[in-house]
Each structure stands twice: as structure tokens, then as C-alpha cells.
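This report looks at side-chain packing, strand pairing and aromatic contacts in one protein chain. Please keep the sequence and the structure in view while reading.

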Amino acid sequence: MNGGALKFLSLAALTLAACGKDVSLPLEMGPDDVAVLVSTVDGRATTHVRSYAAGEGVQVPSDPDRPIYAWVLRAADHITPDGASVSGELLAGTVARLTPNVSDPGGATGACGRCLIPTAAAPIVVSSGDACPLPRFVRGSVWRKGDSGFACRGASDGTLCPAGDAADDAEIEEVRRRLRLDRPGACACTEPEAPASLAGMSMEAIAPAPNPVPLYVFAKNAAGQVAGFSRAGVGLFDPGSGEAHLTPDRDWPVSMMSAVALRNGDFLATGELFNSGAIDLQGYFRFHPGPNGLEGPIEVEPSAPVLAERMRYLGQPGNEFPLYLIGGVRDALGISPAVYACTEDRLACQQVHFSDCPMRPNFSRFSDALVLENGFGLAVGRNALYYKAPTPGGPSPRDTWRCDQPEGPFDDDGGTPVHISRYVAAAASGDRLYVCAVAEVPACQPEFAVVLTATAGATDPQWRLAYRGPNNSWCADFIPRPDGMTLVRSGYRLVHMDLRGAVTGEEDATTRYGGIDGFERAESLGDGWVLGRASENRMFVATASAAFTPIYGPAERTRRVFVAAVPRPGGGFWAFGENPGPVLVRIQEADGRYLGAEVVDAADPTGTLSGARITGAALDPADPQTVLVVGRKDGPLIARLKMSEAGVEEATRLTVPAEAGELRDVAAMGPGTFAVSDRTTRLFAVRGDAVTEVSMSWDRPDTPDDVERRPPNPVDGCSGNERNLDLWRGLGGGSAVAHAVGTNGLLFRVEADTGGAFRAERFAVPETTQMTAASGMCPQNTLVAGRGEVVTPAGITEIAMRFFLADELVEPLPGEVPDPTLDPRRLDFEPVNELEVQMLNVYDLKTGLPRALLPDVPPPGGRGRTFGVVLENGLVHRMGSGQGLTFLRVPFSPEVVAQDGSGYVLFGSGSGRMALGVPGSRRE
């Protein structure tokens, strides 16, 4: 406001009882309209709400020579949450006040915080119990006393009276910003019942029942035992006896990278520590076959010598340094390639010397190395190969490996020259060397795998091209054979080569080793053993001549995909995805104690879900037996399902607008009303059987001088074609609204419009933020979360962030004096603070985005709201206004999270896995 024009507004005191002289203002109002006014009475700022009085002016008490500010709320610009017209009686019950004064703690003047940010355009949704800012589009006026009475000057684009100058406009706007309109009555959406605390929750894997924990790196010892490692646990398998043991360890702080079997029968595994507070810090773990056999992190000399992509035995038995760690080391420029030779018993290591290349290679780590029986060595970097001359007695850390960058080009069978972009892996059979690489291609052309071969000798190997893969192929692994070599490349294809490097055949991996449904990869375990991986964590082993034998996971693929779930009335969950259809998760309890859970296939006699891919599901608040599912079946699919104990009892497929893209998610806004997102930038609303597109307002109300528009579709740099703008990442709803969040800092509120239509408004969030999850709680407790960019002392540039839309975010602790300048009714953008960064799992925050948000009870001494945040990589973290705490990890990447009223949480994945979070109060 200009020149102290608002000095009369004493924000420390507010009276609603008028004591000054009444002034009559000739405001133009309709029969159901109301006027909101601010005047000065006895030197104090005073607010008033006046209803229409036929043929009369609006009476306002005011001190002499003080301005009066007025706004008219048109009944036609207001609707109820269900889209109905608003009566003048409802508007007349509005109470006006000036911030930062808080609402009546008894709730009489509205304390629900529905309108945390004012709406940008008519209509205004009126809900009982709300406390709302006066929207900017409701333009006001200022009245000043002159020689002939009070004269009116209006806002620049107002209609109440002639427009004033810029000073008048700024003065009116400043008062408007401080106004709050409190609606009478109880909150339209009340607090849910206190949820069960997440603090004591435990994880129970329930589908597939045998061995659902994923394992990523494997090794086989001389006794034929195969050990598998991941962050979720350690598995040990004895194919000879058929025995398999799994040792889950949810708190094992490592992301596994490689493993090797030691000569004494133990196993050594290594990976990046993700709660160390530093990036790329390696941890090494020793595993003794048997119960409680995991040891580590073990001490390495020198500390953390190498970030090992691969560990191999290159030395002969009896050598002082037989084990080689192949990868890189961190230096001032990032990560440099390095290899260390180590003793086996206590990992005392020495760095191996590699000569410099004429040009600095564009790679950060070595990917492979081998040594032949005659002592010749070959190491693989991204853009260079290194050779070690044959030496008696095997390799030594004192050897020098010489750089070679084969110039090429290498001609394929058709005479087309092939240049190498990067080398990937190496192998040898006898004195024949094989190197798998990726070809260098022009921009916008597909890459393909190639194999170079040469005879190992005392001088430089003479490389030639032995195999050229099809477009869009890449290297996976080599499987050595006595009579040659087999390349495993993308597409589960096996390429066989002889000892001269000539290709002798090509076949499907499942044909070679026996049919395995859902086959994903084959890799060498050494000594002719092959490990096969299939969907749903299934593992198989085979010798070079035998079919695969299952050693881990279910023998048959279940073909399940779980990407949508809802709680079931009476307990348990319905889960949806792809065939065979819905699944019932039935929880068994006795005397309030959890006994177990079973996963039961449910029937769909209607055929509506047959062949469908379901991507989202939501319960109808009007009927907990009714579920709305969205997905795809010969086009976009929206179906309303009536569920019974046996499965789908009735199904109705709704007509979807032709403009809809691939549907992504659904959230309930109220009884029979839902919001639906697709994979473009569209939102849809479902009310009854009608599906309509939601009108999108891309311009943000907080930027009056700028006009934001829909981001343009990305253009494929090669084809020039536009791609879909896949922005939406989360959708949460409740009490007649929904919040849709996405990339580029998108946060939209979906509400009903006049005449039964719907509209979506955009809120202000930094465009560098990826919004990925929205809660489905009441609007006054809506929470959305994502990730932004924050630099911390630990050097982390991407960490989890939280975003609150909450009325009580700054709730004071008992005995604490609240800050009178702090207005709690706002969109609060609050990043994780530095203290919490030290408590959070750094690795997960680098790699994970929030997937879902679970309500939780505050910890003792905490304040405000507390939530459980489920990240894409399975970490569950309790966070809120108090100190954060990581307390649980899902043994897979969850794609769906559902919570029932008893504290159980269901986690599901697209690979057919399920886990159940069991409340600590119900665990035996």
C-alpha cells in the first residue's frame, strides 16, 4: 500500500462490533449477493459482511475521513462441492477477518483450510468449515469521503465503480490479500481416525509364496554351491541336493555390484553403501555358507581401494595376490579406471600399473579383465584395451599393462566398415580372445553389438570382426565352452563361435537350455555352469549340456502384474493388473493378532477384465463394494466393478472421450465422482456413467504479469515427430477435489464447475521439481511429494523433498509462543533439512522418488503431520515436522501401495510380487 495508507489497519486487534458512524454505500448487488467490507471503527480495522437489501444502500460503520474497502461476492460465482448453486443464506453466514489472526479454535468461524490457495476463476467452491482467501478475480473498490459524500474508485479491471489509478489498485490489492472468509459449520471433510503407527510395522512377503526376494549378483564355489546377493538378503543354493536357503536382511546397507567365490568355499560380495553419507563408497562383505554367515563390511587395505564392477581370480593358486578387483577409483576428476590385486585371506591390496593412452579414454571404470594360462593378460576399458605380456609364475601387481586403442575400421561380412564406440566384456577359450563391443553409428541410427576376436600372443593381438548383431542389440555375457565361445546378447539370443572365432550358429536361450516362461537373461558362473534368470525372481542353473534346473523361486510363472489395489470392506485388499484378473488378499487374524495372509485368484465372469491392463483403481465412497478401474483394453478402459467375495459380480464399461490417451491413474473425489489422468496432459472426470474432459487452466494465479501455458510436446530429434508429454505422476482425491501432480513442477487442483462440469487450476511450484505422489486424504490435509535440487554438505544434489498443503503445519508445541507474523494457511514448500539428510538413506534418496504417502501418528514430542513416504526403490521413511526415520524396506520396487483402516499396507509390483506391511500391534 502506498504512503502508509493502511496505517489504520491495526492487525493486532480486530473487532466485529461496529461503533462508528454508519455510512451508506450504493453498491450494486443482486438478491443473493453479499458484500465484504473493511473499515476503521474507533481506530481499529473492522470487517463486515452485508446481505442484499432491496432499495437500500449498504450500511457500514466508519470513522470520519477513513477509507472503506468493498468487494461484492456474486451468488452466481459460487457452487457447492457437488456442483449445485449456492443460496444467499449460505453466503450470508460468511465471516470476514484479517490475517494473521487465526480462526476460532472452536471451529465456529471455519478452520478446515480447504482454500489454502484462492481459486483463479469462477466458480468458487463453498464448503462448510472452510477458511478461504478472497479470490483475486473478485475485484474490489475503495471509498473515500469527499465534499459531496463518499466517492468510489475501483480496481483497474473492476466493475463496481470507475477504475482508479495504480496507487488505488495496489491499495485495494493489499487489503484483499489479508482477508479471509470463514464459512460456518463443521468441516466438510473431517480427520480420519488415527491410523495405526507405522513405527512398528514389519514386512511379510506374500506372493509369490516361495522366495520372493530378488537377488542380483551370483557366484559359484568349487563345491557347486551358488550364492546370490541383493540389498534384500543372501541366498545359498545347492543344486546337487536341491536345498535352498534365504537369509533376508532388510538393514543390509549395500547396493550389490559383483560377487566371487573364494577358494576356501566362502563368497565375497561388494557394492555401494547407500547410508554412508558419501557417494560411491564401496563396501565388501564375506559370506560363509551356513546360518548367520554374513560378515562385513570387512576391512580392506588400503581402505576402499576400488569401486569393483567385477571381481576375478587372475592369479594361480599359491600366488600372493590371486584376486583382482576390476573397476575404478575416485579422484579429483571423478572416477578413474583402476585394478587392484589382493590377497584372499584379508583383502590386502596393491594397485596394478596401467600405462597412459595417447588420448585420455572416455571411460570411468574397467569393465573386465582376464589372464591366460601363459600369463598373457587382457583388460577392457570403455574406449581402450590393455595387454599384459606373458610372464612366468602368473600375474603380479607389479606388472605393467599397455594401452591399445585399435583404430579399425573392421569390415563386416558385407564389406561395411564398423567403428567401435565402446568395449563391454572379454573372454577367452584356449588362446582365442573374444571382445564384445558396441558399434559407433551416426546420430539417430540404432546401435548394435559386435564381437572382435584375435589369437593371443606375445605381441599385439590382430583383431578382426567375428560377429555383427542386428540393430538395437547389445552385449550381455560370454559363456566359455571347451570348443569355443557363446555370446549372450539382447533378445535372449545365444551366438556360438568356434576356436577360430567363426560363428557356427545362433539360437534362442530357452531352446538351448529348456523352455522357461518369462526368461530374462543367461550368464556364466564359470566351469561350464550357466545361470538363467526369469520373471518373478526365478533362478535356474545348468551345465553346458543339461537343461536348466530351478533353484530359486516358483517353478511356474504366475503371469501376475499388480499395479492397482484398494482395501476391501471387512479386511484385506483387491489387487488388479494384468491376467488372470483381480486377486483377493485375505488377511487371517485371531484375537486381534496377525496369523497370515493368502492370495486368491478371483473370478471375472463378465469378461470385462479379460485381456485388459489395469493401471489404477479406486473405491467409490458411496459404496465400498464398487471399484472404478482404469487401464487399456482395445483402447482406453474405464469400468465400474461391483465386487463380491468371489470376484467381479457386475461390470459396466464407460464411454471414454476419443481424445483420451493411455490412462494412468484414478482417484475418488466423492460419492460416484472420480478424477482420471492419462499419459499426455489431460485429466478426466467421471460422474455416474459420464466421462468428461476437465478444463485445464495452465496460467498460475501467483504470476499476474506472466501467462503460463501448457508445455509443448517433446520432438524426437531424429524423426522430427512429436511425442506424448507424459507429465502426470500422482493423483490423490477426497471431498469433491483431487490433486494431480507431475513433472515440471505441475500441481493442479480438480474441482466441480457450474452445470456439472469440472475444471483444474494450477498452483505455484518450482518448475525444477518432479512431483510424484499425492495423498488421498481430505483437502485440508492434502500432502504431495516429489524431488527437487538441493546441494548439501555431503555433495548430494538430488534428495527427497516434501510439500505440504496443511492448515496445521506450524502448530505450536505446548508452552511455545507462536510466531504472529507466520500465516499457516499457505502452500508450504519445505525441503528435507540438513539434519534429516544425515538420517536418511543417501543412496535411496539419490535414486528414488516418492511413490506413495501413508498417514502416520506423530512421534512423541513431534509436531504437525507425520507421514510414511514409500519410495520407488522400496524404502519406507517416516517424515513430518519432527525428525525423520527410515524404518522399513520393501523387497522390490513397489508400483502400488494401498492402506486399509486396520493399519495393514499392501505393496505390489509389475513383476508379480506382493508384500504386506503388518502393524506392530497385530504381530504375534
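## Core, strands and rings

In this predicted model, the largest nonpolar core has 23 residues, and the members that touch the most other members are Leu378, Leu385, Tyr423, Leu433, Val450 and Trp463. Two or more residues of this core come from each of the elements β28 (377-380), β29 (385-388), β32 (417-429), β33 (432-440) and β34 (449-455). As general background, nonpolar side chains tend to be buried together in soluble globular proteins.

Which residues is Val450 in contact with, leaving aside its neighbours within four places in sequence? The contacts of Val450 are Val418, Ile420, Val435, Cys436, Ala437, Ala439, Leu465, Tyr467 and Arg468. Arg468, one of these contacts of Val450, also has its charged end over the ring of Phe448, at 3.7 Å from the centre of that ring.

A separate region is built around strand β70 (residues 905-908), from which Val905 and Phe907 point one way while Leu906 and Gly908 point the other way, all of them being buried. In a regular strand the side chains alternate between the two faces of the sheet. Strand β70 pairs with strand β69 (residues 896-899) and with strand β71 (residues 914-918), and the table sets out the two pairings.

| Strands | Sense | Bridges | Residues between strands | Residue with positive phi | Opposite residues |
|---|---|---|---|---|---|
| β69 and β70 | antiparallel | 4 | 5 | Gly903, about 100° | Ala898 and Leu906 |
| β70 and β71 | antiparallel | 4 | 5 | Gly912, near 85° | Leu906 and Leu916 |

Leu906 therefore appears in both rows, standing opposite Ala898 of β69 and opposite Leu916 of β71, with strands taken as DSSP runs.

Turning to the aromatic side chains, the model has 15 aromatic pairs, counting rings whose centres lie within 6.5 Å. How is the pair of Phe267 and Phe287 arranged? The ring centres of Phe267 and Phe287 are 6.5 Å apart and the planes lie at 35°, so the pair counts as tilted. Phe267 belongs to strand β19 (residues 267-272) and Phe287 to strand β20 (residues 282-287), so that the pair links distant parts of the chain, 20 residues apart. Both Phe267 and Phe287 are buried. Elsewhere, Phe354, Phe366, Tyr386 and Trp401 form one aromatic cluster.

Definitions and conventions: Residues numbered from 1 in each chain as written. Predicted model: local features only at pLDDT ≥ 70, side-chain atom pairs only at ≥ 80, totals over all residues. Heavy atoms only, no water. Core = buried A, V, L, I, M, F, W, Y, C linked by side-chain atoms within 4.5 Å. Buried < 20%, exposed > 50% of the residue type's maximum accessible area, 1.4 Å probe, protein only. Contact = heavy atoms within 4.5 Å. Pairing = 2+ DSSP bridges. Phe/Tyr/Trp six-rings, centres within 6.5 Å; stacked < 30°, edge-to-face > 60°. Lys NZ or Arg CZ within 6 Å of the ring centre and 35° of its normal.
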